[in-house]
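Dear colleague,

I am passing on the structure we spoke of, and below it I have set out what was found in it. Please look through it alongside the notes that follow.

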Protein chains: 2
Amino acid sequence: MDTLFKNFIDYFSTNQQLTELTKAEICKHLSILNLDKKHVLIKENQRHDFAYFVIKGAARSYYLKDGVEINTWFALENDMLGSLQNFQDKPSRETMEVIENSTLISINLKQIKPLMFSNIEIANFINAIITDYALFLEDKVYFSQMMSSMDRYLILLDKEPELFQRIPLTYIASYIGISRETLSRLRAKKTL
Amino acid sequence: MDTLFKNFIDYFSTNQQLTELTKAEICKHLSILNLDKKHVLIKENQRHDFAYFVIKGAARSYYLKDGVEINTWFALENDMLGSLQNFQDKPSRETMEVIENSTLISINLKQIKPLMFSNIEIANFINAIITDYALFLEDKVYFSQMMSSMDRYLILLDKEPELFQRIPLTYIASYIGISRETLSRLRAKKTL
DNA sequence: CGAGGCCTTGACCGCGGTCAATGCCCGTGG
DNA sequence: CCACGGGCATTGACCGCGGTCAAGGCCTCG
């Protein structure tokens with residue numbers, strides 16, 4: 001098995017031991033992609049059969065609000081990127097694109113999904129990914145209501161300092177839920 | 001099998017056929033509760049082994065922000081109520097309480113969860129519930145960023161008119177993400 | 001009849017959005 | 001090697017949405 005695939009599989013199988021047979025089965029539906037910055041992976045309002053896992057590089061997910069990009073997620077190394085809507089065979093609400101030259105694993109959802117109903121390990125593997133996502137969304141909702149914009153900035157800075165090295169502040173601002181200008185002012189105020 | 005249990009099971013098994021054996025297995029970990037208004041089901045910051053499904057009545061989930069209740073979910077008939085954090089064996093961030101005299105199914109998470117790894121139908125049954133929840137959260141995030149407060153009010157009014165008959169506006173306001181007073185003003189403006 | 005719960009309305013004000021100008025860094029081409 | 005342009009961040013001026021505080025109205029229930 002490709003050692004890169006192994007990383008991905010291990011990452012979402014901390015709650016169960018996968019047999020070699022199952023791992024091999026999953027690998028059949030994975031492949032490696034090398035993509036340049038600005039390559040678009042998933043387009044808004046389109047059905048799409050793949051999700052991705054970042055080996056090296058970075059990607060983002062965003063949608064348009066009145067012509068302005070609102071970023072909803074930045075995937076760095078060992079992060080998943082994909083649309084649950086796509087997994088449900090519905091069109092993605094978001095556009096996803098690579099923002100650094102990157103190496104990704106692509107996961108063929110169309111092929112893997114039916115295996116949930118015949119292979120219990122795969123069912124729980126997928127379940128782990130979805131549960132992870134639900135917990136991420138719960139946090140997102142909670143923090144966006146509970147915290148002031150300054151708090152959200154400071155928490156992100158604390159938990160994901162790498163983002164600030166690699167992602168333009170313009171993108172990060174909309175991720176936190178504020179305008180570019182407001183983020184700039186928060187940063188100025190903080191260092192007083 | 002109790003016909004009330006059947007409703008619950010059917011509700012989350014539209015994507016697969018469950019054998020009678022599995023249904024019976026699930027039922028072993030369900031029970032019926034009749035509770036009065038104001039009964040607290042789950043307390044903030046506590047571990048808890050149960051999730052709930054509303055047969056008849058209503059319940060809500062909320063947390064405190066600076067001493068003010070922020071409502072995050074209203075469960076009416078055929079809705080789930082519970083904490084994914086609890087399912088992960090962590091303390092719930094939210095308090096959940098019954099707000100009408102209600103009949104609920106309680107689901108013993110501690111007992112059902114391990115079955116995911118031995119019974120594939122149960123794995124997919126639970127997966128359906130979690131996926132449902134993730135999609136709900138996705139919508140919540142999307143609408144809270146994408147829509148103005150007026151839009152959020154109108155959409156909720158359109159999609160869940162029953163809430164407005166059964167839930168105090170004070171609760172609904174924080175669910176939409178605005179103060180009681182602002183909701184009041186939106187309603188006044190709308191009927192001009 | 002009085003008290004408490006809930007909703008509404010008014011006055012005030014601060015956070016953060018928009019628009020516009022400026023600064024800074026860096027890559028490209030003359 | 002320098003000049004120009006584009007991408008990104010910052011700063012200032014302005015203002016509107018929605019939060020807070022406070023008062024008042026209207027049910028319902030004991």
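In this predicted model, a polar side-chain atom of A:Thr182 lies 2.5 Å from a phosphate oxygen of DNA strand C, and on the other chain an N or O atom in the side chain of B:Thr170 is 2.5 Å from a phosphate oxygen of that strand. A base is reached as well, since a polar side-chain atom of A:Glu181 lies 3.2 Å from a base nitrogen of DNA strand C. Altogether 16 residues surround the strand, and the closest of them include A:Ser149, B:Leu169 and B:Arg185. By class, this surface has four nonpolar, six polar and six charged residues, and its largest share, six residues, comes from H9(B). Of the strand's atoms within 4 Å of the protein, 54% belong to sugar or phosphate, while the rest belong to bases.

The two protein chains also meet each other, with 32 residues from chain A and 32 residues from chain B taking part in the contact. The area buried between them is about 3300 Å², of which carbon and sulfur atoms give 59%; within the part that chain B buries, B:Arg93, B:Glu138 and B:Gln145 supply 19%, more than any other three residues.

Three salt bridges are counted between chain B and chain A, one of which joins the side chains of A:Glu138 and B:Arg93 at 4.0 Å, N to O, and twelve residue pairs are in polar contact across this interface. On the side of chain B that touches chain A, the largest share, 18 residues, comes from H5(B), and by class that side has 17 nonpolar, ten polar and five charged residues.

With best wishes

Notes. Residues are numbered from 1 along each chain as its sequence is written. Chains are lettered from A and ligands numbered from 1 in the order in which they are written. This is a predicted model: local features need pLDDT of at least 70, side-chain atom pairs count only at pLDDT 80 or more; totals for chains, interfaces and linings use all residues. Side-chain values use heavy atoms; hydrogens and water are left out. Contact means heavy atoms within 4.5 Å. Buried area is the accessible area (1.4 Å probe) that two parts lose on being put together, summed over both. A polar contact is a pair of N or O atoms within 3.5 Å; within protein, one must be able to donate a hydrogen and the other to accept it, and residues adjacent in sequence count only if both atoms are side-chain atoms. Helices (H or I, at least four residues) and strands (E, at least two) are DSSP runs, numbered from the N terminus. Ala, Val, Leu, Ile, Met, Phe, Trp, Tyr, Cys and Pro count as nonpolar, Asp, Glu, Lys and Arg as charged, and the others, Gly among them, as polar. A residue is near a molecule or strand if one of its heavy atoms lies within 4 Å of it.
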